[in-house]
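Here is a friendly walk through some of the terms used for this structure. Each question asks what stands behind a word, and each answer sets a value against its cut-off.

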Amino acid sequence: MDFRYTPDEQEFRLEVRRFIAEHCPRELKGFHEIHAEHVHLEMAFLKKMADRGWLGAAFPKEYGGLGGERMPMVEYILIDELHHADLEGVAVTLTYIVGIIGNTLLQVGSEELKKELLPRMLAAELRFAISYSEPDSGNDIASIRTRAVDDGDDFLITGQKRFITCADTSDYLWTLVRSEAGSVRHKGLSIVLMRSNLPGVTIQVFEMMNGIQTCEVYMDEVRVPKRYLVGERGQGWSHLMEALARERMTMINFKAVSEPFERFAQWVRGAEIDGERLAADPVVRQSVANMHVKIAGGKMMQLIAGARTADKNYIPTLEASACKMYRAMLSWEKANLALDIMRSQGLLTEGSPDAPIEGWWAAEYGWAGHELSGAGGMDLNRKIIAQQGLGLPRWSN
Amino acid sequence: MDVNLTDEQQMMVDSAREFLRDSCPLATIREWEKLPDRYPRELWAKMAEMGWTGAIYPDTCGGMGLANLDMALLMREMGRVALPSPILSTVLLAGRAVLEGGSEEQKRSLLPRIAAGELLMSFAFTEASAQPDAATVKTTARLENGRYVLNGVKHFVEFAEQAEQVLVVARTRESDDPEQGLTMFLIDARAPGIEYVPLRTLALQPQAKILLKNVQVDASAVVGRVDHAWSVLDPVIQAATAILCGYMTGIAEGAHELAVSYSKERVQYGQPIGAFQAIQNYLATSWAKNTMGEYLGYYAAWLIDQGIPSREAVSTAKTFVGYAAVESTQLATQLHGGLGATADARTTPFLRWAKQLQQTLGNCQYHETIVAAEILDKEPTRFDEKYSLAFT
C-alpha cells in the first residue's frame, strides 16, 4: 500500500494546480454544471488543457492521445484538482467527454467511429450530453421506450428523454435506444451517438429547484447513420453498465462533497456571530468534526476506486456505487449541518448583503435533492452493492 | 498510488485467515466466554509460535519487525472471528512502551518472553475519564530516600490480575503542561500495596481497577526518562489505536458476514429475507461503511509507518471505525430477529466487542475533539504538497 502519488504524478498535480490558478476564468467557479452563457469560456479553458495533451494522456496515440504509459492517474488527478479549485462544472464536462464517453467508446466503439470522434474529443472540440432517462424510465432504465427502427443504412429514432443535462449545449447526444423491435427489458437496447442538431431533434431547457438547468429531448424520426452505433447492436445494456460505473466514479466525484465542506470548515475557523467565535463553541466543533470524519470515509472510497481504475480494465462497479450512495446519504445532512451552524446568515443567497461564502450553502440546500437522483438513486446503488457485491438474491420486479 | 496488499501481506493474511478459520469455529467463540480468563490460552500459545505476539518487535527482541500496517492486517483477521486476547495490553501497549522507552536490560528481559507467549503485561495508564490523554493521569510517584512511592487509582486495566508485570504511568512532577512530568514504572503485579478491584465488562474481558497505596519501587523500575514518558507513550498509543482499528474492522466484517449468510438462508414470506430491498439497503450501506473504515485505518497505520504526521488520520479512523463497527454489529443482531437476542446468539460477541472497543483508547466523542482541534485550530497542513499524499 502506498497512499502517495509517484514523483511524476505529484509533479503533474502541482502543474495542474498552477495551470488552473493562471488560466481559469473566475466565472467558471462555483457551478455544479456549466450553463449556456459560460460554454465558450469553458471550451476555451478545456482547449488549453487539451493543447497540453491532458485530455488524451491515457489514450492511445492513434486516436490523438499520448499513449498513457507514463501516468495512469492523469484523469483522476485532473478531476481532483478541478474540484479542489471549485470547478465542479468543468470537471463534469470533462468527465462526459473523457471519463464516460471517451473511455467507453475506446473500449467498445468501432474503429471508424473512434478515428472520427476521439481525436476531436481529446482536442476539446466536441461537447456531449448523456441521454438515457425518460419520463417513465428513471432508475428503471431497462424500461425505456425510445425506439430505433432499422431503415437500411440508418436508424430512425423516435422518443422522449428527460433530465438530459447539457443537451442544449452539446454536439452529440449519447443516446440509449431500443433497437430490436419487440424486445423487452435489458435485451435489445443499443447506444447511438446522435448529433444534437439533426432534423427531428427538439431540445427544451427547463430549470431544477435552485436554477440548475437541464433539458427535455424530443426525437421524431431522427435519421442517424448506423455507423454512429456504439459497440454492438443489441448489447447496449452491458455498454451502459460499464459507462454508468465510470459515470458514478468520475462525474459523481466525492470531491464535490468534500471540497465545499472543506471551504465551509475554513469559514468556521474565522467566523464570528455577534462577537462570538463559532470555532470556540464545543457543539459546533463536535458537529463539524463528526461530518469531517464521515466525509473522510467517502473520500477514501473515491481514492480506492481511483487507484484501482489505474488499471484500465478494472470497472469499479461496487466502489462507484458506494461513493454515489454515500454522497447521496450525506447530501442533505451536510447541508443541514452547515445551515444550522450559520443560522439565519446561511439562508442568505448569492448577492445578498451578509451572505457567507457567497450564499453557496443556501443554494446547496436546493441542489442536495438533485444529488439523490443523478446517476442512479441511493437505493439503486445499494441494490447494485447488495446483489453484485454481496450476492444477495434478486427481488422479483 | 497503490491500495493493494503486497504479495507478502496477502500471504500473511491468507494463512492467518485459514488458521483462525480452522481454530475458531463459531461454537468455540461462545465457549471462550466461559474460560476463567475469558481467552483461549492454547490459542495464545499457538499465536506466539506463529510469531504474532512479537510481530511488531525487532528480531533482536524475538519478533518479526512487522510494520504497523502489517499488524493492523493481522489484527483484522483476529477481529473477524472475535478472538479475545491480551494482545492490546501486553504486546501493543505495555510491551511496546518498553521497546520504545526501556533500557536494553529491560527489553532483553521482557520482550522475548512476550514474543514467546510466556509473559502477560498490563498497561496501567487510564484513569477515571478513560481517555488516552496525558492530562488524565493523577496518580503520583514521589521520590523518597532514593525510592519512588506510588499512590493513585488506575481504571479499566485490561488483564490486570492475569498479568505478571504492570506498566504504571504516574506523575513525578507537577507542571502547567500535562504532557510534562509523567514517568513509566515497571512493577511486579504482586508487589505490596497493589490491590485489584475486578471489573465485569460488557465484552466479558477481564479488567480491574488498580489501587496503588504507597507502592514502593527502586529507581531501576523506571522505564525511559523520568518526567518525559509522554514522548514515548503518545506515539505508542497512537500506533496501538491505528492497529486496533484493524481489529475493529474485523469485528464489523465478521458480524456483517454472519448477517449476509443468514439473510440468504432465512426464508419468510416465501423467499430469503435477503431478497427484500429493505434488508439489501441495510447490508449494502454497512458494507460500504466497513470498507471505508477499513482503509481509513490502514491509512493511519501507513502514515505512522512512513513517519508522516498522522494524528488527525488516527482520530478520524478510530471515530469512523467506532461508529461503523457498532452499526454493523447492531445490524447483524437485528437481522437475526429473535434469534439475535437469544442467550447463545452467534452475533453477540461481535455486538459486545464493537461497543467495548469503541470506548477503548478514546471513544468517538474524544477523537472528534482531536479532529476538531486539527481542522479548526491549526493552519491547513498542505501535507499533500509536502508528502505527495493522494488522500487530501
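Q: Why is B:Glu257 called partly exposed?
A: Let us start with a word of care: this is a predicted model. B:Glu257 has a relative accessible area of 42%. Buried means under 20% and exposed means over 50%, with partly exposed in between, so B:Glu257 counts as partly exposed.

Q: What makes the contact between B:Glu257 and B:Arg80 a salt bridge?
A: Their side chains meet at 2.5 Å, N to O. The cut-off is within 4 Å, so the pair qualifies as a salt bridge. The two residues come from distant parts of the chain: B:Glu257 sits in helix H7 (residues 230-265) of chain B and B:Arg80 in helix H4 of chain B, 177 residues apart.

Q: How do you know that B:Arg80 and B:Glu77 also form a salt bridge?
A: Their closest N and O atoms are 3.8 Å apart. Set against the cut-off of within 4 Å, this pair is therefore a salt bridge. Both residues belong to helix H4 (residues 68-80) of chain B, where they are 3 residues apart, about one turn of the helix.

Q: Why are B:Arg80 and B:Glu77 called buried?
A: B:Arg80 has a relative accessible area of 14%, and B:Glu77 has 2%. Buried means under 20%, so the word fits B:Arg80 and it fits B:Glu77 too. Both residues also belong to a network of salt bridges, whose members include B:Arg17, B:Glu253 and B:Glu294.

Q: What makes A:Glu42 and A:Arg127 a salt bridge?
A: The side chains of A:Glu42 and A:Arg127 meet at 2.7 Å, N to O. Because the cut-off is within 4 Å, the pair counts as a salt bridge. A:Glu42 lies in helix H2 (residues 39-51) of chain A, while A:Arg127 lies in the loop between helix H5 (111-122) and strand S1 (128-131) of chain A, 85 residues apart. A:Glu42 and A:Arg127 are buried. Over all chains, the structure holds 53 salt bridges.

Q: How many disulfides does a search of the whole structure find?
A: The search finds 0 disulfides over all chains. Take B:Cys245: the nearest cysteine sulfur, that of B:Cys364, is 9.7 Å away. A disulfide needs the sulfur atoms within 2.5 Å, so B:Cys245 is in no disulfide.

Q: What makes B:Cys245 and B:Cys61 buried?
A: The relative accessible area is 1% for B:Cys245 and 8% for B:Cys61. With a cut-off of under 20%, B:Cys245 is therefore buried, and so is B:Cys61.

Q: Why is strand S5 of chain A described as largely enclosed by the rest of the structure?
A: Strand S5 covers residues 189-195 of chain A, and 6 of its 7 residues are buried, so the description follows.

Q: How do you know that S5(A) pairs with strand S4 of chain A?
A: Pairing needs at least two bridges, and 7 bridges join strand S4 (residues 172-178) to S5(A), so the two strands pair. They run antiparallel, and A:Tyr172 has A:Arg195 as its bridge partner. S5(A) also pairs in the antiparallel sense with strand S8 (residues 229-230) of chain A, over 2 bridges. There, A:Leu229 is the bridge partner of A:Val192.

Key:
Residues numbered from 1 in each chain as written. Chains lettered and ligands numbered in written order. Predicted model: local features only at pLDDT ≥ 70, side-chain atom pairs only at ≥ 80, totals over all residues. Heavy atoms only, no water. Buried < 20%, exposed > 50% of the residue type's maximum accessible area, 1.4 Å probe, protein only. Helix = DSSP H or I, 4+ residues; strand = E, 2+ residues; numbered from the N terminus.
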